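Student: I have the sequence and the model open. Could we go through the fold by question and answer?

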Amino acid sequence: MLQSYGIFIKLRILTNNKMGLLGNNFASFMKKWHRIYDFSFDGPEPQKLHTVRTVEVNGFQVCLARLQDGYFAVNDVCPHAGHKLGQGICTHDGRVICPYHRYTYDLRSGQGDPQQGDRVGTFPVETRADGVYIAFEEEEKKRWGFW
Ligand code: FES
């Protein structure tokens with residue numbers, strides 16, 4: 001009885017780890033914030049409203065958008081055929097249109113238009129007193145592979 005209880009506990013720890021409970025804590029511990037814009041250097045409005053552009057953060061290409069309610073960031077690589085989303089068009093309702101085949105992605109959620117059936121990865125962005133920051137997990141490069 002005692003022995004089977006020990007197996008149950010071991011199994012529970014393994015399951016929790018596999019389901020990401022320990023992994024998530026580890027991932028949030030590994031999250032690093034990088035300043036994209038420095039307001040003292042780039043000015044208070046470093047990017048025009050309703051625009052997207054490609055920025056390099058820690059060696060990664062990110063599509064950074066400025067919308068009415070702040071800055072948002074998605075992976076710069078279009079999931080369709082790899083064009084740069086940062087060279088696309090930002091719509092007033094918060095989507096980016098890829099310039100290559102016109103696939104469209106929501107900049108807040110990363111969700112592609114329903115008929116596309118795909119999505120693009122998103123990154124946390126914070127506007128602080130001294131600038132705009134983007135968060136990366138150290139494992140991000142592995143997750144998106146082709147950067
Ligand atoms: S590469 Fe972006 S829509 Fe085809």
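Student: What pattern does the chain follow, read along the sequence?
Tutor: The model is a predicted one. It contains 4 helices and 10 strands. Read along the sequence, these elements give the pattern α-α-β-α-β-β-β-β-β-β-β-β-β-α.

Student: Over which residues does pLDDT stay under 50?
Tutor: The chain averages a pLDDT of 82, and 73% of the residues score at least 70. One stretch stays under 50, and the model has 6 contacts beyond four places in sequence for it. That stretch is residues 5-28.

Student: How many of the residues count as buried, as a percentage?
Tutor: The chain has 147 residues. Among contacts between residues at least 6 apart in sequence, 46% join residues at least 24 apart. The buried share of the chain is 22%.

Student: Which strands stand at the edges of the open sheet of 3 strands?
Tutor: The order in this sheet is β1-β10-β9, with antiparallel pairing. An edge strand has a single partner strand, so one side of it is left without a neighbour in the sheet. The strands in that position are β1 (32-38) and β9 (125-128).

Student: By what angle are neighbouring strands of this sheet turned against each other on average?
Tutor: The value is an average over neighbouring strands of the sheet, with direction ignored. It comes to 30°.

Student: In β10, what is the bridge partner of Asp38?
Tutor: Strand β10 covers residues 131-136 and runs antiparallel to β1. The two strands are joined by 6 bridges. In β10, Asp38 is paired with Gly131.

Student: Which element gives the most residues to the largest nonpolar core?
Tutor: This core has 25 residues, and those with the most contacts inside it are Cys63, Ala65, Ala73, Leu85 and Val96. The elements that give two or more residues are β1, β2 (51-57), β3 (60-67), β4 (70-75) and β10. With 4 residues, the one that gives the most is β3.

Student: Leaving aside neighbours within four places in sequence, which residues is Leu85 in contact with?
Tutor: Leu85 is among the residues with the most contacts inside the largest nonpolar core, and so are Cys63 and Val96. Both of these are also in contact with Leu85. The full set is Val52, Cys63, Val74, Asp76, Cys78, Val96, Cys98, Tyr105 and Val120.

Student: Is Arg95 buried or exposed?
Tutor: Arg95 is found in strand β6 (residues 95-97). Beyond four places in sequence, it touches Thr104, Tyr105, Asp106 and Leu107. Arg95 has 20 C-beta neighbours inside 10 Å, and therefore it counts as buried.

Student: How far apart in space are Arg95 and Gln111?
Tutor: In sequence, Arg95 and Gln111 are 16 residues apart. From C-alpha to C-alpha, the distance in space is 9.4 Å.

Student: Where is His50 placed, and what is its phi?
Tutor: His50 is in the loop between α3 (39-42) and β2. Because it has 15 C-beta neighbours inside 10 Å, His50 counts as partly exposed. The phi of His50 is positive although the residue is not glycine, and lies near 60°.

Student: Is Arg102 buried or exposed?
Tutor: Arg102 lies in the loop between β6 and β7 (104-106). It is not a glycine, yet has a positive phi of about 65°. With 11 C-beta neighbours inside 10 Å, Arg102 counts as exposed.

Conventions:
Residues numbered from 1 in each chain as written. Predicted model: local features only at pLDDT ≥ 70, side-chain atom pairs only at ≥ 80, totals over all residues. Buried ≥ 20, exposed ≤ 12 C-beta atoms within 10 Å, placed from the backbone. Contact = placed C-beta atoms within 7 Å. pLDDT = per-residue confidence, 0-100. Pairing = 2+ DSSP bridges. Axes fitted to C-alpha atoms, helices over the stretch in contact; angles between N-to-C directions. Core = buried A, V, L, I, M, F, W, Y, C linked by C-beta atoms within 7 Å.
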